[in-house]
Amino acid sequence: MTKLILSVIFSVFTLKADASINPLFGPGNDFFERYKELLVDIRTQRLTPEAAKAEFQDIMRLLRENYPNHIPETEIDNIVFPLVGSNLNAVGGYGRGFYVRNFNLFDYSVNGSHPAHDIFIYDPNQDCIDDRKNEFIDIVSVGHGVVLATEKAWSDTSSYRGGNYVWVYDFERGGLWYYAHHRKVVVEPGDIVKPGDKLGEVGRTGFNAKQPRSDTHLHLMYLALDEEFTPVPKNFYSWLQNAKTISKSNSADQDEFRIFKAGSYEFLKAITFDKIYSSRKIKAFKPLKMKKV
Ligand SMILES: [Zn+2]
């Protein structure tokens, strides 16, 4: 009987979702493919930087329209530390690894910036196993968001820098997180992630990250978006200082993922935002300090 009731409820919800499909995530929509294609086109320099920027702005405008950042800054929780069982001590150069000279996300030939923090594991023999913990180290989502793109096919013969990576659009902060050099990626584009959900494991993929001179780490970048949806790298070291360390990762909720892709915005708000924000698993955060570094 319970099963029957549940299936009736589920079909009502499914109908409701089908009745007003969010054009961004409906069946046959290529939203996530579009973002991945843009990343590849930038990497292979198939698009001019101007064209790539226009496409990026268009994609971000769609995301913002469909997922407006409606959470006041004062109610934004602190982030979860991106590596399980780790903390600020693992961040390279005491946070001085972040520097922006001539950052241009859309021009692959522009070098010389590191608008990111590298977060290291203890891996002298470079096999990606942390030798103090004797295991691979999980990379987790720092906040609530949706996985925009992943790369899983990097191989030793690939020349590009990011290796295997994950891009997440952050619902709370309205910007983009870029996690790079994974040995393994476990999420898919469209997955809804919560703080502490596993994205993958720390690895050495990427042209520079695979070199013996490089210690095993996660490369983590956060891009805020300005009024024109242009990406602006942010030094988020103060967020890392206030981040909460977790001892075990969660799995991204695949049911939410399916509904998210098929559902209408109103429906999604009901099942994702309201559900997530009213039943937070991780509540013991201090308010986020937005101080500038
Ligand atoms: Zn890096």
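User: What makes a residue count as buried rather than exposed here?

Analyst: A residue is buried if 20 or more other C-beta atoms, placed from the backbone, lie within 10 Å of its own, exposed if 12 or fewer do, and partly exposed in between. The model is predicted: local features need pLDDT of at least 70, side-chain atom pairs count only at pLDDT 80 or more, and totals for chains, interfaces and linings use all residues. Residues are numbered from 1 along each chain as its sequence is written.

User: Why is A149 called buried or exposed?

Analyst: A149 has 22 other C-beta atoms within 10 Å. The cut-off is 20 or more, so A149 is buried.

User: Where does A149 lie, and what does A149 touch?

Analyst: A149 is found in strand 3; strands (E, at least two residues) and helices (H or I, at least four) are DSSP runs numbered from the N terminus. Contact requires C-beta atoms, placed from the backbone, within 7 Å. Leaving out residues up to four places away in sequence, A149 touches F32, Y35, K36, L39, W167 and P189. The C-alpha atoms of A149 and P189 are separated by 5.1 Å, although the two are 40 residues apart along the chain.

User: How do you know what span to expect of helix 2?

Analyst: The expected span is 1.5 Å times one less than the number of residues. Helix 2 (residues 31–43) has 13 residues, for which 18 Å is expected; from its first C-alpha to its last it reaches 19 Å, close to that value.

User: Which residues of helix 2 are buried, and why are they placed on the same side?

Analyst: F32, Y35, L38, L39 and I42 are buried. They cover an arc of only 120 degrees around the axis, taken from the directions from the axis to the C-beta atoms, which puts them on the same side of helix 2. Helix 3 (49–66) and strand 3 (145–150) are among the elements covering them.

User: Why is strand 5 described as largely enclosed?

Analyst: In strand 5 (residues 176–185), 9 of the 10 residues are buried, so the strand is largely enclosed by the rest of the structure.

User: What makes strand 5 and its neighbours count as paired?

Analyst: Two strands pair if DSSP finds at least two bridges between them. Strand 4 (residues 164–170) runs antiparallel to strand 5 and is joined to it by 6 bridges. Strand 8 (residues 217–225) pairs with strand 5 over 5 bridges, and strand 7 (residues 198–202) over 3, both in the antiparallel sense. Each count meets the cut-off, so strand 5 is paired with strands 4, 8 and 7.

Terms used:
Contact = placed C-beta atoms within 7 Å.
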